[in-house]
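Got the viewer open? Here is a short tour of what to select next and what you will find there.

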Amino acid sequence: MTMLGHRVPMMASLLVWCVVWEIVGRLDLIFLLPPFSAVLAAAVDLVQTASWQSATITTLRAFFFGMALAIVAGIPLGILMGRSKIADDLLGMWVNIFSSAPLSAIVPVLMILFGFGEKTIVAAVFLFAIWIIVLDTRAGVRHISPSLIEMALSYGASRTALYTKIILWAALPEILAGIRLGLIRGVKGVVIGQLLVAIVGYGALFETFSRNFLMAEFWALTIILFGFALVVAELIERAEAKVEYYAGARQ
Amino acid sequence: MRASVVRNGPTSVIEPIDSIVKVRGISKAYGNVEALRGIDLDFPRGKLTSLLGPSGCGKTTLLKIIAGLIDADAGTVAVEGKTVTRPGPERAFVFQDFALMPWATVIRNVAFGLELRGTRKAEREDIARHYIAEVGLASFEDKYPHELSGGMRQRVGLARALSVKADVLLLDEPFSAVDEQNRRKFQEDLIRLRTNQNKTFIFVTHSIEEAVYISDRIVLLSPRPGRISQIIEPDIDRSGDPERIHRDKHYLDTVDEIWRGLKRYVE
Amino acid sequence: MRASVVRNGPTSVIEPIDSIVKVRGISKAYGNVEALRGIDLDFPRGKLTSLLGPSGCGKTTLLKIIAGLIDADAGTVAVEGKTVTRPGPERAFVFQDFALMPWATVIRNVAFGLELRGTRKAEREDIARHYIAEVGLASFEDKYPHELSGGMRQRVGLARALSVKADVLLLDEPFSAVDEQNRRKFQEDLIRLRTNQNKTFIFVTHSIEEAVYISDRIVLLSPRPGRISQIIEPDIDRSGDPERIHRDKHYLDTVDEIWRGLKRYVE
Amino acid sequence: MPFSAANAGDMRVAFGDLPGIESIQTLAAIERTKERGVNVELIVLNDEDLATQAIVGGQADVGIGAPYTLIQKVGVPIRIFAQISTQRFFPVVNSEFYKTWKDLDGQDVAVQARGSGTEAVMTLMAKNNGIKLGTISYVPGSEVRRNALIQGTLKASIVDAANRRALEAEAPGKFIVLPVENVSASDETVFATADYLKNNAADVDILVEELMKTGREITENPAIAVEFRNKYKLLPDLGAGADAEITEYYKETADAGSLALNGGGAEAAADDFAFFTAAGQIEGDPVSLKVGDFWDVAAIDRAVAKLGKK
Amino acid sequence: MATIVRTESEAGGLAPFAGGHAARGWRDQPVMLRLLSVVLFAAIWEIAGRIPVSFAFPTFFDTMVAFFGLLADGSMAKAYLSTLQPLVLGVVLSAFLGVGLGTLCGLWRTGEWLLIPMFIVLQAAPVAAFIPMVTFIYGIGMTAKTLAVMILALPVIVLNTYKAVRNVNESLLVMCRSFLGTRWQTVAKIILPDASPVIFAGLRLGVAAGFVGVVLAELLITPTGIGDLITFHRSRADYAEMYATIGSIIALSTLTLVFLQWVEVRVFRPEKRGA
Ligand SMILES: Nc1ncnc2c1ncn2[C@@H]1O[C@H](COP(=O)(O)OP(=O)(O)OP(=O)(O)O)[C@@H](O)[C@H]1O
Ligand SMILES: Nc1ncnc2c1ncn2[C@@H]1O[C@H](COP(=O)(O)OP(=O)(O)OP(=O)(O)O)[C@@H](O)[C@H]1O
Ligand SMILES: [Mg+2]
Ligand SMILES: [Mg+2]
């Protein structure tokens with residue numbers, strides 16, 4: 001998009017939407033939508049409250065534990081499926097099912113298995129995030145040019161060397177993409193987990209705000225969460241851009 | 001100068017004085033695609049032998065069996081008298097698509113074979129630097145593959161193969177991803193390199209001119225299942241200006257003869 | 001037979017008797033990459049002219065400017081005396097990557113130019129069928145592109161260009177995605193086709209042999225920014241067996257001369 | 001698996017819904033229990049069923065709700081050990097469409113959740129009035145139903161006292177509160193497994209005592225609820241604006257006498273049997289149901305002995 | 001544009017069933033191994049149920065019995081009748097709206113600038129948080145649930161369509177122009193056919209998202225269909241029935257996706273995007 005000869009960054013249009021929001025909010029058309037400025041003000045207040053801070057800590061902790069587990073388990077599983085046909089045949093179906101199934105339905109079941117509070121939320125994040133990481137890692141491993149592997153073998157690479165010096169690196173672009181998508185799904189998982197089972201952290205705040213019609217606070221929290229999801233995704237994307245050149249180089 | 005053309009059935013292999021690689025009765029099928037059938041072949045030490053044939057005739061398969069990367073269904077390959085079961089330090093492969101690690105610099109790529117053998121870093125980088133210079137890439141040590149042209153990338157692949165000091169170099173269409181003019185340059189370089197280094201080269205190509213231009217010996221394979229259809233020794237004098245070869249009558253005769261032989265397989 | 005070699009500065013264009021395409025003072029820059037600078041060039045009617053030069057020298061850019069697909073920064077192109085501003089029915093393009101619609105059969109692909117002009121289906125398929133046969137693909141009408149080899153796909157691209165009955169055919173490295181042996185076959189076919197069809201061909205290639213082998217005229221471009229460095233008219237007799245050309249002394253001389261000229265640009 | 005018995009001195013309390021102003025009493029009692037050295041951990045769950053499930057599964061120790069159905073159905077030894085409050089729900093209809101119970105015959109209504117007290121009230125009243133309700137939808141959150149009523153997306157529902165008042169304040173005359181006769185069943189009780197009650201009698205006693213004390217204090221002086229809130233920093237996210245509502249709410253609740261002063265017990269159980277059997281949530285003849293199958297009254301007895309009966 | 005638009009499907013044929021890659025993987029798997037995989041899964045479940053992991057964790061066998069029970073007494077059918085209405089409606093609306101908007105954004109720079117960032121935000125954000133809000137405006141009926149489905153399904157469809165339209169094979173566009181194609185011809189004869197596989201993949205992802213949306217709607221707005229079955233049986237402690245219901249919605253969503261993929265293969269395979 002160019003305007004008056006200047007390139008206007010795409011995300012700038014979000015500002016336009018914010019202005020629209022402000023106007024609609026001021027017109028007082030829908031009680032659910034306070035003016036954007038009021039939401040910002042509420043956000044400033046919100047971040048100073050103890051309950052937001054503790055909710056953030058709870059949520060972040062569950063999120064990072066869940067993500068760490070998903071990454072630590074997902075990458076080896078993806079590599080295994082990428083390299084071993086039997087593993088792929090055995091697990092592929094389930095990974096595919098779980099990666100696209102409405103996992104929210106399972107969240108209540110998690111509670112039975114993991115108890116309440118943190119563990120279940122961690123499990124929800126894990127469950128939401130892992131499958132796409134597995135799938136992408138698997139695809140990354142599958143995309144590795146066979147000649148790169150043959151190259152390593154022909155120079156006498158041991159199994160460990162093959163995995164640590166070639167496969168992990170060569171699949172890195174897809175692994176990162178998987179982690180990025182996994183993070184986005186993980187954020188959804190943490191919120192859904194907190195809303196559906198144990199009402200803690202952000203889920204509790206959301207419920208409190210929406211049930212009591214504290215709309216400015218509700219939207220403030222929403223914006224903070226959206227912002228978080230986008231920033232995390234953006235960070236990974238930066239890392240991806242660093243390795244992008246060899247994503248293409250591997251075709 | 002004479003173009004010694006030897007037709008042979010599977011048994012009548014010409015036995016050169018000293019052959020470093022001996023292929024005996026190799027057959028290979030992928031599922032129900034029969035790629036190679038009963039290949040008997042000897043590769044003379046210190047010579048460049050080309051494998052030439054229509055697409056899909058099993059050239060790559062044969063080369064990889066020699067490299068120990070693929071197991072044959074039947075038959076054996078022996079290098080220096082020892083039967084090949086897997087890749088070994090006396091053979092090095094140069095890949096059609098270069099097979100460079102895009103995340104590693106030129107020098108790390110070249111030194112990779114040594115890295116896998118556990119050579120110390122300083123030592124392996126010295127060796128690598130030597131061969132990088134040898135293939136004409138001095139000063140590109142710290143570049144990454146994506147910063148190089150196709151021709152330069154293939155030189156990196158070649159330097160890597162040279163740096164492990166293998167006796168036998170296996171090259172699978174090393175120039176097919178290199179543009180025409182660079183390719184020509186590279187062919188001239190390879191001819192020079194072959195005389196300097198006392199290595200045995202086994203070279204797969206699609207290009208008749210290329211095969212005739214650089215080879216001491218050309219093995220023609222028939223379409224799938226690949227069998228040896230002809231062995232040609234162009235016996236061209238390569239001592240002078242490489243450009244002169246292109247006008248050598250024997251060169252031209254050999255190219256035409258091969259072309260006439262292969263034409264029927266095309267489309 | 002003589003290889004008339006004409007060096008020229010930007011002004012001393014040789015003026016052939018009848019030139020169908022006239023390029024005058026074309027310059028083009030992409031951002032601050034100057035691709036072409038002051039190109040003056042004439043393309044004689046009914047001849048095949050090759051554009052040859054190192055990678056990135058602006059060959060494709062020039063061809064697309066002639067096609068009307070890119071606007072030049074300065075200068076004009078005139079076809080049959082009319083200034084080119086956009087693609088026109090008198091020019092047809094053959095693409096390096098074939099640019100076939102994967103969801104359409106061969107016949108629909110070939111007839112696509114006519115389809116866009118609103119020709120009735122029966123009529124355009126008749127025409128398409130004719131040219132499909134002309135390029136040697138009869139009986140492949142109902143195949144999809146993915147069922148064809150690279151060489152066959154390029155023939156489809158050629159048939160499509162022929163079927164719109166343009167006077168000028170613009171070919172951008174049509175053989176670079178085709179394998180060596182098929183390429184050779186295709187070159188021979190093209191030479192035949194050129195004599196049958198009275199078309200003007202403008203041909204971009206990387207390959208010196210290819211240029212010399214098939215062209216009436218070769219325009220050598222210098223590296224970026226592309227300028228005309230030499231115009232060569234190989235003037236080789238193409239009436240006989242196409243294979244004979246490869247041994248023609250003038251052919252070989254011309255190849256060598258061009259090679260010597262271009263060698264300094266390589267790597 | 002987390003069947004682990006709690007350490008003495010630890011108590012995990014599972015709430016079946018997001019705490020609102022109606023939870024001040026319970027929350028205050030919990031805070032005071034903590035002050036007396038019981039290490040209480042609060043778990044807030046999305047659903048009352050989940051809370052019950054948590055108790056049965058051993059993932060929490062004390063649940064809050066009225067799990068009669070589950071106790072009867074699963075046969076796991078969970079026992080109610082004290083009543084916190086009795087039900088005060090108000091069926092509300094949009095006066096444009098309905099005026100009386102009879103008008104609701106065959107009409108759609110929305111209640112809190114499947115198997116909840118609100119559903120029981122509605123079905124019971126429908127039965128008493130000889131009508132049959134149409135589709136019953138489940139919309140968790142009295143506030144949500146209140147708002148849906150105001151927006152006109154619900155025409156008949158049932159809300160708690162606070163929201164009934166809000167409805168009257170926001171749209172005077174637009175809604176009619178339908179009469180509910182003699183329902184004094186438990187709204188919230190505390191329950192735990194028999195094992196837990198046996199092994200942690202001391203902790204349980206403290207909790208029961210505090211529940212009784214807060215109930216009595218609020219009933220005596222409803223304004224104390226706000227003091228509780230400030231003292232223990234309860235419900236911080238609701239903002240200062242909620243104080244007025246809290247005062248109002250507890251005044252009304254106290255007037256209606258729906259906070260349990262003596263922890264319920266056999267008396268309450270009898271009421272509940274009558275109510276829940278009538279509403280179809282438990283089976284059997286209310287008279288022949290045994291209190292001991294549902295309740296463990298030992299803790300209230302001890303508390304009443306200590307605090308005196310009111 | 002400065003921003004590279006990435007959508008889930010971009011994981012490139014890797015995301016659920018997307019692309020020919022996964023498609024092949026799915027079909028090439030030897031039946032025996034897949035059966036074994038199912039049997040293993042059932043066995044693990046059965047064992048976990050028998051230990052038991054929790055009193056609320058039924059065995060596989062009980063769950064299957066409960067499943068057929070629910071099928072037999074018609075409650076499953078009734079539940080799905082109610083659940084599928086907003087799902088189908090929401091997905092169909094999202095499909096038309098999404099493909100339309102996506103194409104528009106792909107072709108029209110201003111539209112792209114204005115709308116695409118919105119959808120990127122919506123797709124990345126945990127919109128589940130405001131599904132309950134929908135109730136406030138649209139109540140608890142079909143509208144609210146359909147909207148919930150659309151909130152989830154629309155962004156992925158729009159973004160995929162947009163991406164497909166923007167990334168149409170450049171050389172085909174040039175080809176069309178060089179053969180004098182008009183703007184409309186370019187759109188109708190090149191852009192849409194070339195983009196259709198990716199658009200279809202986007203639709204598939206949209207359907208998957210729609211299932212997520214309807215489940216969330218059932219659990220967060222108001223349980224009427226399968227959400228009601230789940231909560232009802234949970235409140236009755238009929239855990240086998242509850243699990244059977246949960247399993248059935250996951251199975252249904254999987255089967256739907258497999259079916260769509262089959263359709264896709266049938267529709268787009270004749271030319272198998274090889275060239
Ligand atoms: N991994 C494989 N699985 C199945 N078939 C294979 C495999 N590798 C090769 N083939 C088949 O075996 C035959 C020989 O393949 P190979 O790659 O050796 O031929 P080639 O002579 O190197 O061909 P090209 O000139 O195209 O490189 C071909 O028909 C090919 O399709
Ligand atoms: N769209 C573009 N934007 C920016 N630079 C471009 C663009 N197209 C071409 N160039 C640059 O312009 C120069 C000429 O490009 P062009 O494609 O015409 O060269 P060429 O002679 O066809 O090269 P090759 O032999 O590799 O096909 C190159 O340096 C190229 O990088
Ligand atoms: Mg090969
Ligand atoms: Mg070009």
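Among contacts in chain A between residues at least 6 apart in sequence, what percentage join residues at least 24 apart? The figure is 75%. Keep in mind as you click around that this is a predicted model.

**Stop 1: chain A**

Select chain A and switch on the cartoon. You should count eleven helices and two strands. Walk along the sequence and both strands come before the helices, in the pattern β-β-α-α-α-α-α-α-α-α-α-α-α. Along its principal axes, the C-alpha atoms of chain A fill a box of roughly 70 × 60 × 30 Å. Now show the surface: chain A exposes about 9500 Å², and carbon and sulfur atoms supply 72% of that. Of the 251 residues in the chain, 62% count as buried.

**Stop 2: A:Thr208**

Stay in chain A and go to helix α10, residues 201-211, where A:Thr208 sits. Show its side chain and look back along the helix: a polar atom of that side chain lies 2.6 Å from the backbone oxygen of A:Ala204. Next, bring up chain D. Setting aside neighbours within four places in sequence, A:Thr208 is in contact with D:Leu18, D:Asp237 and D:Leu238. Is A:Thr208 buried or exposed? It counts as buried, because its relative accessibility is 10%, below the 20% cut-off.

**Stop 3: who touches whom**

Zoom out and color by chain. Six pairs of chains touch, and the pair with the most contacts is A and E. Some pairs don't meet. Chains B and D have no contact, and their nearest C-alpha atoms are 46 Å apart. Chains C and D don't touch either, with their closest C-alpha atoms 50 Å apart.

**Stop 4: ligand 1, in chain B**

Select ligand 1 and show what surrounds it. The shell includes B:Tyr30, B:Ala35, B:Glu173 and B:Arg224, along with B:Ser55, B:Gly56 and B:Cys57. Which helix gives the most to this shell? That is α1 of chain B, residues 59-67, with three residues. Sorted by class, the shell has three nonpolar, six polar and three charged residues.

Now pick out some distances to oxygen atoms of the ligand. From B:Gly58, a polar backbone atom is 2.9 Å away from one. For B:Thr61, a polar side-chain atom lies 2.4 Å from an oxygen atom of ligand 1. B:His206 has a side-chain N or O atom 3.0 Å from a ligand oxygen. Taken alone, ligand 1 exposes 630 Å², and the protein buries 63% of that.

**Stop 5: ligand 2, in chain C**

Jump to ligand 2. Its surroundings include C:Tyr30, C:Ala35, C:Cys57, C:Glu173 and C:Arg224. Helix α1 of chain C, residues 59-67, is the biggest contributor to the shell, with three residues. The shell divides into three nonpolar, six polar and three charged residues.

Try the side chains here. C:Lys59 puts an N or O atom 2.7 Å from an oxygen atom of ligand 2. A polar side-chain atom of C:Thr60 is 2.6 Å from a ligand oxygen, and for C:His206 the corresponding distance is 2.9 Å. On its own, ligand 2 has 630 Å² of accessible area, of which the protein covers 63%.

**Stop 6: the cysteines**

While you are at ligand 2, click C:Cys57, one of its surrounding residues. C:Cys57 is buried, with a relative accessible area of 0%. Then go back to chain A for A:Cys18, which counts as partly exposed because its relative accessibility is 22%. Why does A:Cys18 form no disulfide? The closest cysteine sulfur, in E:Cys105, is 18 Å away, so it is too far for a bond. Over all chains, the disulfide count is zero.

**Stop 7: two positive phi angles**

Most residues other than glycine have a negative phi. Two exceptions are worth a click. Select B:Ser139, with phi near 80°, in the loop between α4 (121-134) and α5 (150-163) of chain B. At 62% relative accessibility, B:Ser139 counts as exposed.

Finish in chain C at C:Ala99, where phi is positive at about 50°. This residue is in the loop between β7 (91-94) and α2 (106-110). Where B:Ser139 is exposed, C:Ala99 is buried, with a relative accessibility of 2%.

Technical notes: Residues are numbered from 1 along each chain as its sequence is written. Chains are lettered from A and ligands numbered from 1 in the order in which they are written. Side-chain values use heavy atoms; hydrogens and water are left out. A residue is near a molecule or strand if one of its heavy atoms lies within 4 Å of it. A polar contact is a pair of N or O atoms within 3.5 Å; within protein, one must be able to donate a hydrogen and the other to accept it, and residues adjacent in sequence count only if both atoms are side-chain atoms. Accessible areas come from the Shrake-Rupley method with a 1.4 Å probe; for residues, only the protein chains shown count as cover. Helices (H or I, at least four residues) and strands (E, at least two) are DSSP runs, numbered from the N terminus. Ala, Val, Leu, Ile, Met, Phe, Trp, Tyr, Cys and Pro count as nonpolar, Asp, Glu, Lys and Arg as charged, and the others, Gly among them, as polar. A disulfide is a pair of cysteine sulfur atoms within 2.5 Å. Buried means under 20% relative accessible area, exposed over 50%, partly exposed in between (1.4 Å probe, protein chains only). Contact means heavy atoms within 4.5 Å.
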